[in-house]
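Let's take a walk through a protein model together. Keep the sequence and the 3D view open as you read, and look for each residue as it comes up.

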Amino acid sequence: MATAPTPVPAPDVLVTSRPLDEYCALFGLTRARLAALPGPLLDCPGGTSGLAAEARELGCRVIAVDPAYALPPPELAARARAARASMAVAMAARPQLYPLRRPARPDRYLRSWDRARRLFAADSAAHPQCYLAAALPRLPFADGAFALTLSGYLIFAYPELFGPERQLAALAELVRVTAADGEVRVQPLNDGRGRRCGHLDRLRYALGERRIASEVHRVPHEGGRTSGVLVLRAARGRPRRPEPAILL
């Protein structure tokens, strides 16, 4: 495992606490597929989710990385509670942006976050080796270390932190640490206000130049809505660490 500098968590990035079933719904996955993975799963960023704890019961090993893991546990827990409060406000203000939720019952939905946060606290204390403080666009893992890599609510959600060149570097890094026969799944493809990434086609072209194949899958949700998931795979050889690029 390569070394990397100690990450500094960005104060504006929400530390979310999503349960396993929400991961499956957001990324278009099933418990059966996770149980059948031939290797570990990378969750980047992991936040205070219940994924690692719940997936372990399926026989799936999850490594979660997040710069927030560099924080003392009480501070991390406080940021997770603050994220829950922020999400409650956002759901009430813009229910159309949250296709997985029932807009009239945000508190009921967020109780699943409370359970996930409790699972995270217990599991990270019992299995600290599964939770690493690290940050994109450089991860401390060997090439092809993971059978499946998930990245939610970061690369496109915070364009002020991830401009086009940093998005390209982050996506290429996720593919680098994923097995040649595995895949990377990234969502959402819009920022926190629901604005879709305007340069996604150029970004996918730049990925293709790095031998990374990309597709946008539509994932169905409640009420007939769908959301996009960017699916990446290495094409014709292991991608190298990205060179600096100018997309815009």
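Start with helix H6, which covers residues 164-176 and holds both Glu173 and Arg176. These two residues sit three residues apart, about one turn of the helix. An α-helix has 3.6 residues a turn, so residues three or four places apart point the same way. The side chains of Glu173 and Arg176 meet in a salt bridge, with 2.8 Å from N to O. Both residues are buried. Bear in mind as you look that this is a predicted model.

Helix H5, residues 106-126, offers a second pair of this kind: Arg117 and Asp114 both lie in it, again three residues apart. Their closest N and O atoms are 3.1 Å apart, and the two form a salt bridge. Are these two residues buried or exposed? Arg117 has a relative accessible area of 19%, which is under the 20% cut-off, so Arg117 is buried. Asp114, with 15%, is buried as well.

Not every salt bridge stays inside one helix. The side chains of Arg233 and Glu183 also meet in one, at 2.7 Å from N to O. Arg233 belongs to strand S7 (residues 226-234) and Glu183 to strand S5 (residues 178-187), so this pair ties together parts that are 50 residues apart in sequence. Glu183 is buried, with a relative accessible area of 5%, whereas Arg233 counts as partly exposed at 30%. The pair also belongs to a wider group: salt bridges with shared partners join Arg33, Glu183, Arg185, Glu215 and Arg233 into one network. Across the whole structure, a search finds 13 salt bridges.

Now let's turn from charged side chains to nonpolar ones. The largest nonpolar core has 62 residues, and those with the most contacts inside it are Leu41, Leu42, Leu136, Leu139, Phe156 and Leu171. Which helix gives the most to this core? It is H6, with six residues. To see how one core residue is surrounded, pick Leu171. Setting aside its neighbours within four places in sequence, Leu171 is in contact with Ile155, Phe156, Val186, Leu203, Leu207, Leu230 and Leu232. There is also a second, separate core of seven residues, including Ala90, Met91, Tyr109 and Leu110.

Two of the contacts of Leu171, namely Leu203 and Leu207, lead us to our next stop. Helix H7 spans residues 200-209, and in this helix Leu200, Leu203, Ala206 and Leu207 are buried. They cover an arc of only 120° around the axis, which means that they lie on the same side of H7. On the other side of H7, Asp201, Tyr205 and Glu209 are exposed. What covers the buried residues of H7? The cover includes H6, strand S6 (212-220) and S7. After H7 comes Arg211, whose phi is positive, near 65°.

One last place to visit is Gly144, in the loop between strand S3 (131-132) and strand S4 (146-152). With a relative accessibility of 27%, Gly144 counts as partly exposed. Gly144 and Leu174 are 30 residues apart in sequence, and their C-alpha atoms are 9.5 Å apart in space.

Terms used. Residues numbered from 1 in each chain as written. Predicted model: local features only at pLDDT ≥ 70, side-chain atom pairs only at ≥ 80, totals over all residues. Heavy atoms only, no water. Salt bridge = Lys/Arg side-chain N within 4 Å of Asp/Glu carboxyl O. Helix = DSSP H or I, 4+ residues; strand = E, 2+ residues; numbered from the N terminus. Buried < 20%, exposed > 50% of the residue type's maximum accessible area, 1.4 Å probe, protein only. Core = buried A, V, L, I, M, F, W, Y, C linked by side-chain atoms within 4.5 Å. Contact = heavy atoms within 4.5 Å. Arc of directions from axis to C-beta.
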